[in-house]
Structures are given as C-alpha cells and as structure tokens.
Amino acid sequence: MAWADHHCHLPAGEAAGPVIADARTAGVGVLVNVGTDVEDSCRAISVAEAHEGVWATAGVHPHEASGGLGGLEALMARPEVVAVGEAGLDYHYDHSPRPVQRQVFAAQVELANRRDLPLVVHSRSAWDDTLAVLDREGIPSRTVMHCFTGGPEEAEECLRRGAVLSFSGIVTFPKASEVRDAARICPLDRLMVETDSPYLAPVPHRGKPNRPALVGVVGAAVAEAKGLDISDVEHATWATTRAFYGLDQEVA
C-alpha cells in the first residue's frame with residue numbers, strides 16, 4: 001500500500017510519533033503536515049524535520065488572517081516546506097474580517113507565484129471571492145482546493161483554472177452527494193485525498209478524532225464514486241501528490 005495524506009494537522013512534538021506510526025501501519029507513505037499560522041507552521045516544520053516521509057506547509061489560515069503574515073516568507077527556505085498554505089477565505093465563521101482575509105490570501109497567492117511553490121487553498125462559503133482573488137493574482141501552476149466541498153459546477157470552475165481537487169472524509173457523509181458528484185467528474189490525475197485530521201473523520205468513524213491512517217477510507221469512497229478499483233485511486237493519488245509537491249519518493 002502507498003497512500004498519501006496530503007493534508008493533515010499532526011500533533012506537535014513527541015505526540016506526533018504514535019500518529020505517524022499508526023499511519024505507516026495503514027500503508028500511508030507520505031504525510032503533509034499543514035500550518036495554519038506562522039507559529040503553527042514552525043511546529044509543523046519541526047515534526048517534518050523529525051520524521052522521514054513527513055513534509056510541511058507554511059501558511060496563514062483565513063481564521064488567523066488578522067494576525068498577519070510576519071515571518072512567513074522566511075519559512076519558505078526550510079527544506080521541509082513544500083507549499084504555501086493553507087490560505088484562503090472562510091465566510092462561514094468569519095473569524096477574521098473578510099477584507100483582511102482577502103488581503104492575506106492575495107499576499108500568499110503572490111508568495112506562491114514568486115517562490116514557484118504549490119498553493120493549498122481553503123475555501124468555505126466563499127467560492128466567488130476565492131476564485132476572484134486567484135484570477136486577479138494569477139493562479140499558481142500547482143494549486144489544490146483542499147477539502148473540496150463544492151459540487152460539479154464549482155469543480156468545473158476550479159478544474160478550468162488548472163487546480164487539483166482534494167477530497168476529505170466529507171466524501172463519505174450521507175448528505176454529501178454533491179461532493180461525490182464532483183469527485184465523479186474530476187479526472188483521476190487531477191485528484192488527491194486527505195484526512196484534514198484530526199477533523200472530519202470519515203464514515204464509519206464519525207464522532208472520533210480523525211487520523212492519517214484513515215486516508216484509505218477516503219480513497220475507497222472516491223473509488224466507489226468514480227466506479228474504479230481502490231488500487232487505481234491509491235496509485236494515482238500517490239503519483240499526483242508526489243508530482244504536485246515535488247517529493248522524491250517512489251512507490252514501495
């Protein structure tokens with residue numbers, strides 16, 4: 001098995017070890033530990049530095065946009081950092097004012113373009129403005145719409161711009177038929193899977209903390225939606241993740 005969980009939030013310090021070991025036992029060979037502000041990105045980098053097969057992103061989540069980007073760009077020089085993000089807009093909670101969210105998102109799009117790094121995008125209840133910022137700044141050549149929650153229409157808009165779609169445990173939720181429809185139309189080579197752990201545990205693990213070891217459950221749901229064998233999704237998402245982040249790994 002060679003699954004890649006391209007978007008997870010691992011515990012800091014030594015607590016990450018058992019979670020990573022659990023993922024290894026489940027056949028997860030790649031984990032990308034995602035930063036949500038500068039301090040959290042530093043923690044993500046430290047975990048990646050300590051564990052083989054773990055990488056990090058550095059970014060400012062829209063919830064944290066009011067804290068600004070001070071010190072973020074310096075983190076891009078770290079060899080463990082493979083992407084900018086997660087960055088984007090979240091109008092569901094509005095923990096930061098929307099104009100500030102847009103400003104901080106735009107700055108991170110510019111950073112990804114200038115540094116030629118992938119961009120990990122968070123968009124919730126903000127599709128129009130998310131796409132408008134990407135269009136205005138110029139969507140990076142490697143952009144992933146993390147934890148995709150749209151339907152086929154939003155999927156088509158993202159795919160038309162060259163983005164990759166990433167599906168989380170939401171694809172297993174009984175009421176998420178629109179997300180499954182989006183997975184169905186998404187080309188296999190433009191698709192990745194994630195856990196977003198410790199959030200969004202897939203069915204039948206709802207109500208428990210999510211973990212990277214469950215990324216195969218997400219992959220199985222995507223395979224079912226697309227009418228494919230699970231091994232097709234496993235190997236395709238491994239290859240796409242490796243190419244997207246520029247990881248130097250081969251399938252075991």
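These legends walk through a few close-up views of the model.

The model is predicted, so local features are described only where pLDDT is at least 70 and side-chain atom pairs only at pLDDT 80 or more, while totals for chains, interfaces and linings use all residues. Residues are numbered from 1 along each chain as its sequence is written, and side-chain values use heavy atoms, with hydrogens and water left out.

**View 1. Phe167 sits in strand 7 and is buried.** The strand covers residues 164–167; strands here are DSSP runs of E with at least two residues, helices are runs of H or I with at least four, and both are numbered from the N terminus. Phe167 has 0% relative accessibility, so it counts as buried (under 20% relative accessible area; exposed is over 50% and partly exposed is in between, with a 1.4 Å probe and protein chains only). Setting aside residues up to four places away in sequence, Phe167 touches a list of residues including Phe148, Val179, Cys186, Leu191 and Val222. A contact like this means heavy atoms within 4.5 Å.

**View 2. Trp127, Phe148 and Phe167 are linked into a cluster by ring pairs.** The structure holds 3 aromatic pairs. Rings of Phe, Tyr and Trp (its six-membered ring) pair if their centres lie within 6.5 Å, and planes under 30 degrees apart count as stacked, over 60 as edge-to-face and the rest as tilted. Trp127 and Phe148 make a tilted pair, 5.3 Å centre to centre with 55° between the planes. Trp127 belongs to helix 5 and Phe148 to the loop between strand 6 and helix 6, so this pair ties together parts 21 residues apart in sequence. Phe148 is buried too, at a relative accessible area of 1%. With Phe167, Phe148 forms an edge-to-face pair: 5.8 Å centre to centre, 65° between the planes. That second pair joins the loop to strand 7, so it ties together parts 19 residues apart in sequence.

**View 3. Cys158 and Cys186 are not bonded to each other.** How many disulfides does a search of the whole structure find? The count is 0, where a disulfide is a pair of cysteine sulfur atoms within 2.5 Å. For Cys158, the closest cysteine sulfur is in Cys186, 9.7 Å away, which is too far for a bond. Cys158 is buried, with a relative accessible area of 1%, and Cys186 is buried, also with 1%.

**View 4. Arg98 lies over the face of Tyr91.** The distance from the ring centre is 4.1 Å. A charge sits over a ring if NZ of Lys or CZ of Arg is within 6 Å of the ring centre and within 35 degrees of the ring normal.
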